[in-house]
Amino acid sequence: MKKLAMMIVALAMTVAAQAQYYGYKTTPFHQDKYYIGASVSGLDLHYNSVDDFTLGLNATAGYFVFDNWLVSATAGFNTNGQADDSFSIGGGARYYIEQNGLFLGANLKYDHAYKGCNDLMPGVEVGYAFFLSRTVTVEPAIYYNISTKDFSDRSTVGLKIGFGIYLND
């Protein structure tokens, strides 16, 4: 499964790099633009001491309050194949480095697991926006979510892959 996921990431990066080479270099990271995104995380490309295999689906909506500064809201669902599925909701901010599409993010989410483990989780991420067109991106990112309830077991490092759409106001 890891090999398949890494092959998909490599293919997406190749296609996106080729699209950027052919003139999609105008970035939409400007004030008063909207962002809609979806991502998949886990896929056994993460580490914590509780879960083996995890699949996470996340939806994000955001607004550029200043050039290169995105404020966003996120909702997500995570499953690990057992009865410990969880739902999360939160918010965050990203700073885009306009010259190359690299972004740095920080977030805070409330994670509610069905077994009763509620957790407030701050996190950080580093990613890259590969442009497929002037407004659509593929966004791989490395993230670290810190558990405030059980630091040693539930804090997670992982990789997520998403798509983003940048809209005018």
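Of the 169 residues of this protein, 39% count as buried. The model is a predicted one, and its accessible surface comes to about 9,200 Å², with 66% of that area belonging to carbon and sulfur atoms. Two helices and nine strands make up its secondary structure. Read from the N terminus, these elements follow the order α-β-β-β-β-β-β-β-β-α-β. Among contacts with a separation of 6 or more, 53% join residues that are 24 or more positions apart.

Confidence should be considered before any detail is read. The average pLDDT of the protein is 82, and 75% of the residues score at least 70. Of the elements, strand β4 (residues 86–97) has the highest mean pLDDT, 95, while helix α1 (residues 2–21) has the lowest, 54. Over residues 16–25 the pLDDT falls below 50, although this stretch has 17 contacts in the model beyond near neighbours in sequence. Where pLDDT is low, the predicted coordinates should not be read in detail.

The interior may be taken up next. The largest nonpolar core consists of 10 residues: F29, Y35, F64, L70, Y96, F103, A129, F131, A141 and Y166. In soluble globular proteins, nonpolar side chains tend to be buried together. Y96 offers a useful point of entry to this region. Setting aside residues up to four places away in sequence, Y96 touches the core members F29, Y35, F64, L70, F103 and Y166. The contacts of Y96 also include N68, G101, L102 and E139.

Two of the residues touched by Y96, namely Y166 and E139, lead on to other parts of the structure. Y166 is a contact of T135, as are G164 and I165, when neighbours of T135 within four places in sequence are left aside. T135 lies in the loop between β7 (130–131) and β8 (136–145). The C-alpha atoms of T135 and Y166 are separated by 5.0 Å, although the two residues are 31 apart along the chain. T135 counts as partly exposed because its relative accessibility is 34%.

E139 leads instead to the charged residues. Side chains of opposite charge can pair when their charged atoms come close. The count of salt bridges comes to three. In one of them, R94 pairs with E125, the closest N and O atoms being 3.2 Å apart. R94 belongs to strand β4 and E125 to strand β6 (residues 118–128), so this pair ties together parts that are 31 residues apart in sequence. R94 also forms a salt bridge with E139, with a separation of 3.3 Å between the closest N and O atoms. That pair links strand β8, which holds E139, to strand β4, which holds R94, across 45 residues of the chain. K160 and E125 form a further salt bridge, their closest N and O atoms being 2.9 Å apart. Here the link runs between K160 in strand β9 (residues 156–167) and E125 in strand β6, 35 residues apart. Through shared partners, the salt bridges join R94, E125, E139 and K160 into one network.

Are the members of this network, such as K160 and E125, buried or exposed? Both K160 and E125 are buried. E139 counts as buried because its relative accessibility is 5%, and R94 counts as buried because its value is 9%.

K109, in strand β5 (residues 102–113), presents another case of a buried charge. K109 is buried yet has no salt bridge, and the nearest side chain of opposite charge, D111, is 5.0 Å away. The cut-off for a salt bridge is 4 Å between a side-chain nitrogen of Lys or Arg and a carboxyl oxygen of Asp or Glu. Apart from neighbours within four places in sequence, K109 is in contact with S88, I89, G90, D119, L120, M121 and N145.

Finally, the backbone deserves attention at two loop positions. Most residues other than glycine have a negative phi, and most peptide bonds are trans. D32 is not a glycine, yet its phi is positive, at about 70°. D32 is placed in the loop between α1 and β1 (34–47), and its relative accessible area of 32% is why D32 is partly exposed. N68, likewise not a glycine, has a positive phi near 70°. N68 occupies the loop between β2 (55–66) and β3 (69–79). With a relative accessible area of 11%, N68 is buried, and N68 is one of the residues touched by Y96.

Methods:
Residues numbered from 1 in each chain as written. Predicted model: local features only at pLDDT ≥ 70, side-chain atom pairs only at ≥ 80, totals over all residues. Heavy atoms only, no water. Helix = DSSP H or I, 4+ residues; strand = E, 2+ residues; numbered from the N terminus. Buried < 20%, exposed > 50% of the residue type's maximum accessible area, 1.4 Å probe, protein only. Lys, Arg positive; Asp, Glu negative; His and termini not counted. Contact = heavy atoms within 4.5 Å. Areas by Shrake-Rupley, 256 points an atom, 1.4 Å probe, with all protein chains shown as cover. pLDDT = per-residue confidence, 0-100. Core = buried A, V, L, I, M, F, W, Y, C linked by side-chain atoms within 4.5 Å.
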